Amino acid sequence: MDALEPDDHVVVVGAGLAGWRLCEGLRAHGFAGRVTLVGAEPHHPYDRPPLSKQVLAGRWDVDRVALAPEGRAGEIRVDLTLGVPAVGLDAASGEVTLADGTRLAATRVALAVGVAARAFATPSSGPLRTLRSLDDAAALRDRVADLEAGETVVVIGGGFLGAEVATSLAARGLVPVVLEAAARPLVGPLGEVVAGWLAGLAADASIELRTGVVVRDVVAGPSTWRVELEDGTLEGREVVAAVGSRLDLGWLEGSGLELDDGVVVDAALGAAPRVAALGDAARVVEVAGERGVRREHWQVAADHAETLARAWAGAEPSPLPATPYFWSDQYGKKIQLLGRPRPDDEVVRVLGPANADRWLALYARRGVVTGAVALSQPRALMRAKPFVDAGASLDRALADAPWEG
Ligand SMILES: Cc1cc2nc3c(=O)[nH]c(=O)nc-3n(C[C@H](O)[C@H](O)[C@H](O)COP(=O)(O)OP(=O)(O)OC[C@H]3O[C@@H](n4cnc5c(N)ncnc54)[C@H](O)[C@@H]3O)c2cc1C
């Protein structure tokens, strides 16, 4: 896609991290033309990671998650259209239709629409409470603030989000019980070996994690919920489901874009001559030789925004970083993942003995480093980054690296 001209009109759909950072980046890199940011939610752009951490734990008020002060959009001449989702796109012409019937004539469109929480419904309860948006977080926080210390909250799903929710509830003095369907959480993203090392984190934090659990039904009582499992029941004062995410791209069917586990984009984030996609909703093909995996990581969305802003504003290009990064704060520990490991990659612990509560490990495939994972070892993880970036040989990484210190 060519650089923008001053008479171009950029419409950014999705006022989350990627959408907002793109608007800021276009201005920072010199684009002076019109920019419109469309957001389905009524809120100014905000950051999601603190929602399950500081906000739910009661340490931050929701004001602190704002990505910028409210006047910032006006200062950088970004027209905000909030509280109205886009419902249609003609990729060829660039016309974006909003739910209130407004038609925006764009010369470039950026789709930064993220994902939604995957719903979890049972026969008696219908869809249960989830946590994706600021409104979800504020509602759950208000609800649990009314509970007494020691009361039980059932968390369905023991993945990254469920673990963070449980940790924040425990920080409030509540008693979370985490129900995980798999035999062990995090096997999908981290593989059996690493998931095994992490399996005791909940217990170490005195949080109950039940694995291999099938939830049959959730029934509302006068003041508690009864969670019916295959092998018993559980009472909780509140229930929250953290069972993953789903794409919400139905409105783009017929737009002319390729949709296949996300908006399919090339390594420059282009989806069509006038349209780019970025962040959680974009599946990038042909980065570092892989078919392309969609990643729902904060840093990846931020990197997408910077790369696209530079390209569109005609600034010095910055290709997408080859090494994705993700973190999660759970059970009093920080898990960090660098790179593109596959669950069946070899794993070598390079720092911290077995059963240590701080360690670093490398993933490798056919003798080549594919990733690094750390438990509460952020500095050591950064020492692993050059090896992951370069796809170094595992032997060299093991021989050369100053892992200690
Ligand atoms: C509770 C929580 C905790 C997280 N913690 C971490 C973490 O610790 N580490 C990490 O790496 N990542 C974390 N993430 C993931 C990270 O927040 C996302 O990767 C990041 O927000 C992606 O940015 P995005 O702009 O692509 O999507 P989003 O931030 O989801 O923004 C997309 C926006 O588009 C809007 N939208 C959707 N459809 C439309 C439409 N049709 N029209 C207009 N607007 C639309 C949505 O309402 C939303 O506001 C967390 C996510 C959540 C929910």
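1. Let me start inside a sheet: Val 155 of strand E11 has Val 178 as its bridge partner in strand E12. The model is a predicted one, so please read each point below with that in mind. The two strands, E11 and E12, run parallel and are joined by 5 bridges.

2. Staying with E11 for a moment, this strand covers residues 152-156, and 5 of the 5 are buried, so E11 is largely enclosed by the rest of the structure. Have a look at which way the side chains go: Thr 152, Val 154 and Ile 156 point one way, Val 153 and Val 155 point the other way, and all are buried.

3. Now follow the chain on from E12. The loop between E12 (175-179) and helix H6 (187-198) holds Leu 186, which has a positive phi of about 70° although it is not a glycine. As background, most residues other than glycine have a negative phi. Is Leu 186 buried or exposed? Leu 186 counts as buried because it has 26 C-beta neighbours inside 10 Å, and the cut-off for that class is 20 or more.

4. Ser 206 makes a nice companion to that point. Its phi is near 60°, again a positive value in a residue other than glycine. You will find Ser 206 in the loop between helix H7 (201-204) and strand E13 (208-210). With 10 C-beta neighbours inside 10 Å, Ser 206 counts as exposed.

5. A little further on, Gly 212 sits in the loop between E13 and strand E14 (215-220). Gly 212 is exposed, since 12 other C-beta atoms lie within 10 Å. If you want a distance to check on screen, the C-alpha atoms of Gly 212 and Tyr 331 are separated by 20 Å, with their positions 119 residues apart along the chain.

6. Ala 99 is another loop residue to click on; its loop runs between strand E5 (95-98) and strand E6 (103-105). With 14 C-beta neighbours inside 10 Å, Ala 99 counts as partly exposed. Leaving aside residues up to four places away in sequence, Ala 99 touches Val 84, Pro 85 and Val 87. From Ala 99 to Val 214 it is 115 residues in sequence and 39 Å in space, C-alpha to C-alpha.

7. Helix H2 (residues 49-57) has four names to note: Leu 51, Ser 52, Val 55 and Leu 56 are buried. Why do they fall on the same side of H2? Because they cover an arc of only 120° around the axis. The general rule behind this is that an α-helix has 3.6 residues a turn, so residues three or four places apart point the same way. Helix H4 (134-145) and helix H5 (160-171) are included in what covers the buried residues of H2. Just after H2, Gly 58 takes a positive phi of about 85°.

8. Strand E27 (residues 368-375) is mostly covered, with 6 of its 8 residues buried. Which strands join it? Strand E26 (residues 359-365) runs antiparallel to E27 and is joined to it by 7 bridges, while strand E24 (residues 333-339), also antiparallel to E27, is joined to it by 5 bridges. For landmarks, Arg 365 stands opposite Val 368 in E27, and Leu 338 stands opposite Ala 372 in E27. The hairpin of E26 and E27 has 2 residues between the strands, and there Arg 366 takes a positive phi near 50°.

9. On the overall layout, the domain assignment gives domain 1 (9-115 + 247-313), domain 2 (119-243) and domain 3 (341-400). The centres of domain 1 and domain 2, taken over C-alpha atoms, are separated by 30 Å. Domain 1 puts 12 residues into the contact and domain 2 puts in 14 residues. On the side of domain 1 that touches domain 2, the residues divide into 7 nonpolar, 3 polar and 2 charged.

10. Finally, the ligand. There are 35 residues around it, and Gly 14, Gly 16, Ala 18, Gly 114 and Gly 279 come nearest. The elements that give two or more residues to this shell are helix H1 (17-28), strand E2 (34-39), H2, helix H8 (298-313) and strand E23 (325-330). By class, the shell has 19 nonpolar, 10 polar and 6 charged residues. Where does the ligand lie? Domain 1 and domain 2 both give residues to the shell, so the ligand lies between them.

Key. Residues are numbered from 1 along each chain as its sequence is written. This is a predicted model: local features need pLDDT of at least 70, side-chain atom pairs count only at pLDDT 80 or more; totals for chains, interfaces and linings use all residues. The arc is that of the directions from the helix axis to the C-beta atoms. Two residues are in contact if their C-beta atoms, placed from the backbone, lie within 7 Å. Two strands pair if DSSP finds at least two bridges between them. A residue is near a molecule or strand if its C-beta atom, placed from the backbone, lies within 6 Å of it. Ala, Val, Leu, Ile, Met, Phe, Trp, Tyr, Cys and Pro count as nonpolar, Asp, Glu, Lys and Arg as charged, and the others, Gly among them, as polar. Domain bounds come from an automatic or database domain assignment.
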